[in-house]
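Please look over the structure below with the ligand and its surroundings in mind. A short briefing on that region follows the display.

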Amino acid sequence: MDLTSNQRPADMERVTNPELADAFIADAVEAVRAQVGGGKVLLALSGGVDSSVVAALLVKAIGKQLISVHVNHGLMRKGESEEVIEVFRDGMGANLIYVDASDRFLGLLEGVADPETKRKLIGGEFVNVFAEEAARLEGVGFLGQGTIYPDILESEEGVKAHHNVGGLPQDMDFELVEPVKLLYKDEVRVVGRQLGLPESMVERQPFPGPGLGVRCLGAITRDRLEALREADAVVREEIEAAGEDIWQYFCVVPDMRATGVRDGRRAFDWTVIIRCVNTVDAMTAEVPELDWPLLRRITARVLAEVPGVCRVAYDLTPKPVGTIEWE
Ligand SMILES: Nc1ncnc2c1ncn2[C@@H]1O[C@H](COP(=O)(O)OP(=O)(O)OP(=O)(O)O)[C@@H](O)[C@H]1O
């Protein structure tokens, strides 16, 4: 395998089954070892499909020479950071640095209501945290990245000179290690499965970089964020248990309150909005007709289990006119 080329060979077979995945993994392991030698590789590990598969591949190829950094910005879904630690540190014995930067991010976001400003602050702070961790390490010469083939095809320079640094510091003087950069997403999943990653990681739904930050609408408060995280977990659990095949499902919680009655007393609490979409290319999206008893079950659980919520709504808006995310 040639890790220096950004051009997928015309005769490269699509990695669609365990045998082809094994062959790919063997080639990639060899290519990574040849590139890195005895050097150290740094990797930002989000727990998303791409960086997780790269992490698993690099652990297989170079073991403790890989240093992964997972940043918990306080905007992860329920159990997500814990799963990263469990799978990589406990399960694979990976060299993983876990940074709990929740207070830092949430402090920075206090009172910030504008969606674009929120996104910029979260992205900027992620770079700061990652750069600080990198500065603490010695002798790192390589940066691992979960670049995949569509990233290369979509990048401005195309296949000629692609430098996807995923928003990471531009001035870091590292050589890139991108072992899955010639693979399409479906192939990355097959490879991940073959590397022993759990289904929950391999089949993870698209999740925006700023995470729950763009689903806790307006200025984020810790209690509303917590309500969102819990409601989101209920929605995911129930839809998975029902075996519904839906492309993406999550919740948003707007920064407004609604009147309700709980235990005979007036409540003035938040609204959880359930968002489900089916799409092929994310350019347009349809709202699935969810089973009514399922919606009722989710509603009952959210109202009973999530403090501070007195109303549940289902978003019926297709894309266009609505976007998939609310912010
Ligand atoms: N919380 C985080 N901790 C560590 N690294 C992160 C985190 N969030 C993002 N990254 C890094 O930034 C890259 C780009 O993030 P982005 O949210 O755009 O995900 P992506 O391109 O879908 O990749 P992935 O599937 O790995 O999440 C990730 O691949 C990962 O290397």
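The notes below cover the ligand shell, the database annotation and two annotated residues in turn. The model is a predicted one, and the ligand in it is surrounded by 14 residues, of which Ala44, Ser46, Gly48, Ser51 and Gly209 come nearest.

**Shell around the ligand**
- Two or more residues of the shell are given by each of two elements, namely helix H2 (49-62) and strand S2 (66-72).
- Sorted by class, the residues of the shell comprise 8 polar, 5 nonpolar and 1 charged.

**Annotation from the record**
- An unreviewed UniProt entry lists Ser46, Gly47, Gly48, Val49, Asp50, Ser51 and Ser52 under "binding site", and this annotation may be inferred rather than shown by experiment.

**Val49**
- Val49, which the UniProt entry includes in its list, lies in helix H2.
- Val49 counts as buried because 23 C-beta neighbours lie inside 10 Å, where the cut-off for a buried residue is 20 or more.
- Apart from residues up to four places away in sequence, Val49 touches Val188, Arg189, Gly192, Met201, Val202 and Arg204.

**Asp50**
- Asp50, also one of the residues listed in the UniProt entry, is likewise placed in helix H2.
- Asp50 has 21 other C-beta atoms within 10 Å and is therefore buried.
- When neighbours within four places in sequence are left aside, the contacts of Asp50 are with Gly146, Ile148, Val180 and Val188.
- Val188 thus appears among the contacts of Val49 and also among those of Asp50.

Note on methods: Residues are numbered from 1 along each chain as its sequence is written. This is a predicted model: local features need pLDDT of at least 70, side-chain atom pairs count only at pLDDT 80 or more; totals for chains, interfaces and linings use all residues. A residue is near a molecule or strand if its C-beta atom, placed from the backbone, lies within 6 Å of it. Helices (H or I, at least four residues) and strands (E, at least two) are DSSP runs, numbered from the N terminus. Ala, Val, Leu, Ile, Met, Phe, Trp, Tyr, Cys and Pro count as nonpolar, Asp, Glu, Lys and Arg as charged, and the others, Gly among them, as polar. A residue is buried if 20 or more other C-beta atoms lie within 10 Å of its own, exposed if 12 or fewer, and partly exposed in between; C-beta atoms are placed from the backbone. Two residues are in contact if their C-beta atoms, placed from the backbone, lie within 7 Å.
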